[in-house]
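I opened the model to look up a few residues. My notes follow.

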Amino acid sequence: MYRVTDLVTGPDGLPRCAWGASTPDYAIYHDTEWGRPLRGDDALYERLTLEAFQSGLSWLTILRKREAFRLAFAGFRIERVAAFGDADVTRLLADAGIVRNRAKIEAAIANARAALALPDGLSALLWSYAPPPRAARPGSFAEVPATTPESVALAKALKRQGFRFVGPTTAYALMQATGMVDDHLAGCHAGAPVARDGMGA
């Protein structure tokens, strides 16, 4: 998704990963969410679902539809989405505010049911695959892999638990987005060590 190799200094004088300076939507997301540790089952279910919907599309498309997704998927509350039935699938397929892909919609519902069945919850499962912190941030996005051994292992674990549309690349994107790894470039002002528990922006 990110084809940049250096930082950009914005009008505010702050250095950012270049993708984070490319549009106002990206700047807000980059500065306030991406790469910051996030915990909480519903919050992580939202990010897992959105990453799965992003597959094959621009993340900016998903970001701009995020509020519509939240309305359509009951605020990404796992218990509520797990109870969705055929009528909800029909409703979602008719909702122009989201990405109307039957396989992804059905996967989101199946994933809520799988998350609900986890004995220790989704957050505990996901974070159990977070690697140790790097000694240093990457110098460019050319140094950032598309997958890692941890994301491969996480994708396999999720599949065993009944999750869909979460391959190793999507799993790594999730790890980046929720601060399980810090892929902000060296010198970028963003990122925070404090874990959040909630839906975020």
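With which side chain does the side chain of R47 make a polar contact? I found E33, at 3.1 Å. I keep in mind that this is a predicted model.

**R47.** I placed R47 in helix 2, which covers residues 41-54. Then I checked its accessibility. R47 has a relative accessible area of 1%. Buried means under 20%, so R47 counts as buried.

**Record check.** Next I looked at UniProt. The unreviewed entry lists C17, H30, H184 and C188 under "binding site". I asked how these residues sit in space. They are spread over 172 residues of sequence, yet they cluster, with a largest C-alpha distance of 10.2 Å.

**C17.** I took C17 from that list. C17 is in strand 2, residues 15-17. Is C17 buried or exposed? I read 0% relative accessibility, so C17 is buried. I then listed its contacts, leaving out residues up to four places away in sequence. C17 touches H30, H184 and C188, which UniProt also lists under "binding site". Its other contacts are D6, L7, F141 and L185.

**H30.** I went on to H30, which lies in helix 1, residues 24-32. Its relative accessible area is 0%, so H30 is buried. Which residues does H30 touch, not counting those up to four places away in sequence? I noted C17, H184 and C188. I also noted R16, W19, G20 and A190.

**Summary for the page.** C17 and H30 touch each other. H184 and C188 are among the contacts of C17, and they are among those of H30 as well.

How values were computed. Residues numbered from 1 in each chain as written. Predicted model: local features only at pLDDT ≥ 70, side-chain atom pairs only at ≥ 80, totals over all residues. Heavy atoms only, no water. Helix = DSSP H or I, 4+ residues; strand = E, 2+ residues; numbered from the N terminus. Buried < 20%, exposed > 50% of the residue type's maximum accessible area, 1.4 Å probe, protein only. Polar contact = N/O pair within 3.5 Å; in protein donor to acceptor, adjacent residues only side chain to side chain. UniProt positions renumbered as here; feature names shortened; annotations may be inferred. Contact = heavy atoms within 4.5 Å.
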